[in-house]
Amino acid sequence: MKDAIYKNIESKFQLTEEINRRIWDYAELGLQEHKSVELFSKLLEQEGFKVKKNIAGMPTAFEASFGNGKPIVGIMAEYDALPNLSQEAGSTTHIPVVENSSGHGCGHNSLGAASFGAALAVKDYMVDNNLNGTIKLFGCPSEEKDNGKTFMARDGYFDDLDAAFTWHPGDKNGTWGLSSLANVSVVFHFKGKTAHAAAAPHLGRSALDSAEIMSIGVNYLREHVIPEARIHYAYLDVGGNAPNVVQGTTSVHYYIRAPKVYQVLEIYERIKDIAKGAALICGTESSYELYTGLSDYMPNKVLTKVLHESMVEFGPPEFDENDFKLAREFFNTLSKGEQDNAKKYLVDNYSKERGESILEKPLHTEIAPFEILPIAVPGSTDVGDLSYVAPTAQLTMSTTALGTSPHTWQMTAQGNTSIALKGIKAAAGAMALASIKIMENPEIAKEAKEELIAKTGGKYTCPIPKDLKPKI
Ligand SMILES: [Zn+2]
């Protein structure tokens with residue numbers, strides 16, 4: 001099976017490489033990825049996939065499918081860029097291609113490319129072996145800004161998946177055994193009455209007072225929520241800059257994070273009550289506007305194991321001497337903190353000598369051991385919502401020098417080099433192999449589903465309401 005997948009990945013790698021390079025060039029921001037989606041659809045249709053565009057209220061979301069019936073395996077593609085991260089490909093000096101322009105500083109061009117390559121390899125294997133089942137490639141827009149997958153999960157696009165796989169470019173090879181934080185992003189508005197603050201203060205009702213009292217309320221709340229919760233806020237509008245005018249409007253933006261989405265939603269309800277209370281105290285009106293919400297990521301143990309075995313079987317990226325040399329040059333441009341992170345990883349995981357020799361050629365060439373830990377990384381991802389409705393596993397593969405942080409010009413630069421292409425090939429191979437294993441052994445998918453139901457009781461409460469539309 002491995003040899004067949006290897007052959008399939010190789011035979012279509014020119015298309016995968018084209019996706020990586022052209023999407024890197026387009027560098028389109030979230031929900032504006034029109035050219036990227038055009039390219040995906042054209043190539044997927046040529047390859048015999050049925051492509052449904054404009055799904056879940058997002059013109060740049062798509063679902064491409066091949067085959068019939070169960071099992072249904074979904075692979076996720078992303079392709080959104082980040083503002084102000086334009087950078088020349090492969091250059092170890094910080095030179096934007098276009099000043100102040102967008103760039104693929106999180107490697108989502110490579111993310112989309114490998115997922116595309118994996119879906120094609122699975123399709124070709126299905127054809128060659130008369131295999132029943134369906135392979136779906138989901139085009140998930142705006143991971144960075146609007147959490148495309150959360151809308152797709154809310155609208156039921158992942159409901160029939162027996163297994164879902166995804167990955168992220170990075171500086172190491174391994175499966176993802178940690179969870180991520182759930183969060184909601186919500187803006188509270190207060191409306192009062194302006195008045196001359198000296199001549200007629202009794203006629204005014206201060207919106208700013210309400211927001212300040214809300215902050216006091218929330219700060220008292222902190223003692224009575226779980227210690228892992230994080231609540232942060234920023235004022236968006238303070239009702240003007242004149243002290244002698246009672247402030248008629250105020251808006252304050254809150255993020256509420258916790259390890260589990262139900263914990264976030266509980267705290268969110270209590271904060272809504274505090275806002276109402278603050279308005280009552282001040283005689284103002286309060287309202288709120290939910291911007292986004294994300295569930296925590298739950299790695300499916302059964303599927304993550306299958307993905308890990310597939311990574312080991314297909315093998316890590318096969319870097320050559322030029323790749324090692326370029327990686328060393330990039331490593332030299334990293335901040336001390338980033339270099340120290342890489343060194344700490346080597347100290348924690350390797351002998352002194354091995355660590356030092358890796359540092360000379362700073363690309364990860366091994367696969368980290370399989371582990372699932374009850375720890376949440378202090379960030380959030382829309383893969384979380386996918387993991388609540390379908391058993392999900394993800395991996396990370398080296399596309400950059402050790403120590404490279406996401407959202408940096410170095411990440412943009414390395415995303416369009418031979419280092420990235422080798423990581424892409426290995427990621428595509430592992431995901432394709434894992435997908436075929438599920439299709440040939442549906443009992444694994446059954447076991448993975450049982451694990452999911454044991455965790456959620458089969459229930460998914462999407463943190464965004466039914467009527468919230470993506471902000472196009
Ligand atoms: Zn990313």
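Strands here are DSSP runs of E, at least two residues long, numbered from the N terminus. The model is predicted.

**Stop one: the loop after strand 1.** Select Ala-56, in the loop between strand 1 and strand 2. Check its backbone: phi is positive, about 55°, although Ala-56 is not a glycine. Is Ala-56 buried or exposed? Its relative accessible area is 7%, under the 20% cut-off, so Ala-56 counts as buried.

**Stop two: a cis bond.** Go to Pro-71, in the loop between strand 2 (58–68) and strand 3. The peptide bond from Lys-70 to Pro-71 is cis, with omega near -10°.

**Stop three: the sheet.** Now show the seven strands of the open sheet. Their order is 1-2-4-3-5-13-6, and the pairing is mixed. Strand 1 (50–55) and strand 6 (174–175) are the edges, each pairing on one side only.

Next, select residues 163–170 and 392–398. These are strand 5 and strand 13, which run parallel and are joined by seven bridges. Pick Thr-166: its bridge partner in strand 13 is Gln-394.

**Stop four: helices on the sheet.** Add helix 8 (residues 301–314), which packs on the sheet and touches strands 5, 6 and 13. Its direction makes about 30° with that of strand 13. Then add helix 14 (residues 418–440), also packed on the sheet. Helix 14 touches strand 3 (72–77), strand 4 (133–139), strand 5 and strand 13. Its direction makes about 165° with that of strand 5.

**Last stop: Ser-142.** Select Ser-142, in the loop between strand 4 and helix 5 (148–154). Phi is positive, about 40°, although Ser-142 is not a glycine. Ser-142 is buried, with a relative accessible area of 0%.

Methods:
Residues are numbered from 1 along each chain as its sequence is written. This is a predicted model: local features need pLDDT of at least 70, side-chain atom pairs count only at pLDDT 80 or more; totals for chains, interfaces and linings use all residues. Side-chain values use heavy atoms; hydrogens and water are left out. Two strands pair if DSSP finds at least two bridges between them. Helices (H or I, at least four residues) and strands (E, at least two) are DSSP runs, numbered from the N terminus. Contact means heavy atoms within 4.5 Å. Axes are lines fitted to C-alpha atoms, for helices over the stretch in contact, and angles run from 0 to 180 degrees between N-to-C directions. Buried means under 20% relative accessible area, exposed over 50%, partly exposed in between (1.4 Å probe, protein chains only).
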